[in-house]
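Open the model in your viewer and keep the sequence panel beside it, because each stop on this tour begins with something to select.

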Amino acid sequence: MQELIVKARQLLESGEVSRVLGWKKGEFEYDPEPAFFETAESLDGFVYNGFCGANLSKYMIEAGKKEGKTLVFLKPCDSYSYNQLLREHRVDREKAYIIGVGCKGKLSGNKLPFEGILKVTGADYPDAQQTLTVQTLYGTETVAYQDAMLERCHVCKGKEHVVYDELLGESCDTVDADRFAEVERIEAMSPAEKFAFFQEELSKCIRCNACRNVCPACSCRKCVFDSTAFDSAQKANTTPFEEKMFHIIRAFHVAGRCTDCGECSRVCPQGIPLHLFNRKFIKDINALYGEYQAGSDLESKAPLTSFTTDDAEPGVGRG
């Protein structure tokens, strides 16, 4: 972590960048949050460890409206989101200095099955341990680093950055599961079972909009769900249909553009596995139009915004 602070301080003091976008300590040790640092002195509050799962790419939309360059730290998976925003002309590459940081898998505080947590050790970067030691009000506990990782890290897209100005730190492979296994499990259900599954999950939604607000693909200047023309802007779901409509419409809006960064599920206070909607679309797009990873480059044509004579026909498939 110190290497990142030293580099950020150098760039700030030289005037090459006007601010730094990174992470700072949150209310608890296991919940760092995104933060802008305007001065070299303020970097004393900078942190980077296993709990820094937040994808910083979307914050660059607003950062790009400010004077001067912004130094942003992007993990490998974050760089796909930034690249996708570049494709959509939502960020200005000339106003960003991107440092690609190493990642050894990010942790979820929700996967620490203990109450009264006081301190967590073993999550430091780059010296993360295979076992986390958790000090609680009731004693000391341990949990395997791998068992506390975010779901997305178990099916990581890869540890190579797709856009950067400079690289710092090393990454390691964390894949130990099939990316589409859970989607296939749901596909195998009967229609009634599928409906019951999603009804139970989506009934937890409190319409806090955290999933929409954090999603890099949800970057519209005016969201349809903020419209005053009808009642969608209200915070409460008034009918069972409405609680499903919000998430299904959002999934359709990001189809073909979602990089599968998993931020929607990470920030959901109700623990709804929202990424499954997006991952289902990704799986189907791959089957119907060929393998495609949103944000992997700036040149390839997105399958849902281009046409070929080999395109799939509804209910028929390819060819």
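Begin with the whole protein chain, which is a predicted model: a compact globule of 319 residues would have a radius of gyration near 20 Å, and the chain agrees with this because its own value is 20 Å. Turn the C-alpha trace along its principal axes, and you will find that it spans about 60 × 50 × 40 Å. If you colour by secondary structure, ten helices and eight strands should appear. Of the 319 residues, 48% are buried, while the accessible surface comes to about 16100 Å², with 52% of that area belonging to carbon and sulfur atoms. Among contacts between residues at least 6 apart in sequence, 66% join residues that are at least 24 apart.

Next, select Trp23, Phe46, Tyr48, Leu71, Phe73 and Tyr82, which belong to the largest nonpolar core, a group of 38 residues, and which touch the most other members of it. Which helices and strands each supply at least two residues of this core? They are the helices α1 (2-14), α2 (59-63) and α3 (76-87), together with the strands β1 (19-24), β2 (33-37), β3 (70-74) and β4 (96-101). Apart from this core lies another one, of 15 residues, and you can find it by selecting Leu107, Phe114, Ile117 and Tyr145, which are among its members.

Return to Leu71 and show what surrounds this residue: leaving aside neighbours within four places in sequence, Leu71 is in contact with Ala8, Leu11, Val17, Arg19, Val20, Leu21, Tyr97 and Ile99.

Now select the strand β4, and ask how many of its six residues are buried. Six of the six are, so β4 is largely enclosed by the rest of the structure. In a regular strand, the side chains alternate between the two faces of the sheet. In β4, Ala96, Ile98 and Gly100 lie on one side and Tyr97, Ile99 and Val101 on the other, and with all of them buried, both faces are covered.

Add β3 to the selection, and you will see that β3 and β4 pair in the parallel sense over five bridges, with Ile99 in β4 as the bridge partner of Phe73. Follow the chain from β3 through α3 to β4, and you trace a β-α-β crossover that is right-handed. Then add β8, which also pairs with β4 in the parallel sense, over three bridges; here Val101 stands opposite Leu168 of β8.

From β8, step back to Tyr164, found in the loop between α4 (151-154) and β8 (166-168). Is Tyr164 buried or partly exposed? Its relative accessibility is 40%, so Tyr164 counts as partly exposed. Although Tyr164 and Tyr97 are 67 residues apart in sequence, their C-alpha atoms are 7.7 Å apart in space. Beyond its neighbours within four places in sequence, Tyr164 is in contact with Arg93, Ile98 and Gly100.

For the last stop, select Thr136 in strand β6 (residues 131-136). This residue counts as buried because its relative accessibility is 10%, which falls under the 20% cut-off. Leu118 is 18 residues from Thr136 along the chain, and the C-alpha atoms of the two are separated by 5.1 Å. Not counting residues up to four places away in sequence, Thr136 touches Phe114, Glu115, Gly116, Ile117, Leu118 and Glu141.

Note on methods. Residues numbered from 1 in each chain as written. Predicted model: local features only at pLDDT ≥ 70, side-chain atom pairs only at ≥ 80, totals over all residues. Heavy atoms only, no water. Core = buried A, V, L, I, M, F, W, Y, C linked by side-chain atoms within 4.5 Å. Buried < 20%, exposed > 50% of the residue type's maximum accessible area, 1.4 Å probe, protein only. Helix = DSSP H or I, 4+ residues; strand = E, 2+ residues; numbered from the N terminus. Contact = heavy atoms within 4.5 Å. Pairing = 2+ DSSP bridges. Right-handed = clockwise from strand over helix to strand, strands pointing away. Rg over C-alpha atoms; globule rule 2.2 N^0.38 Å. Areas by Shrake-Rupley, 256 points an atom, 1.4 Å probe, with all protein chains shown as cover.
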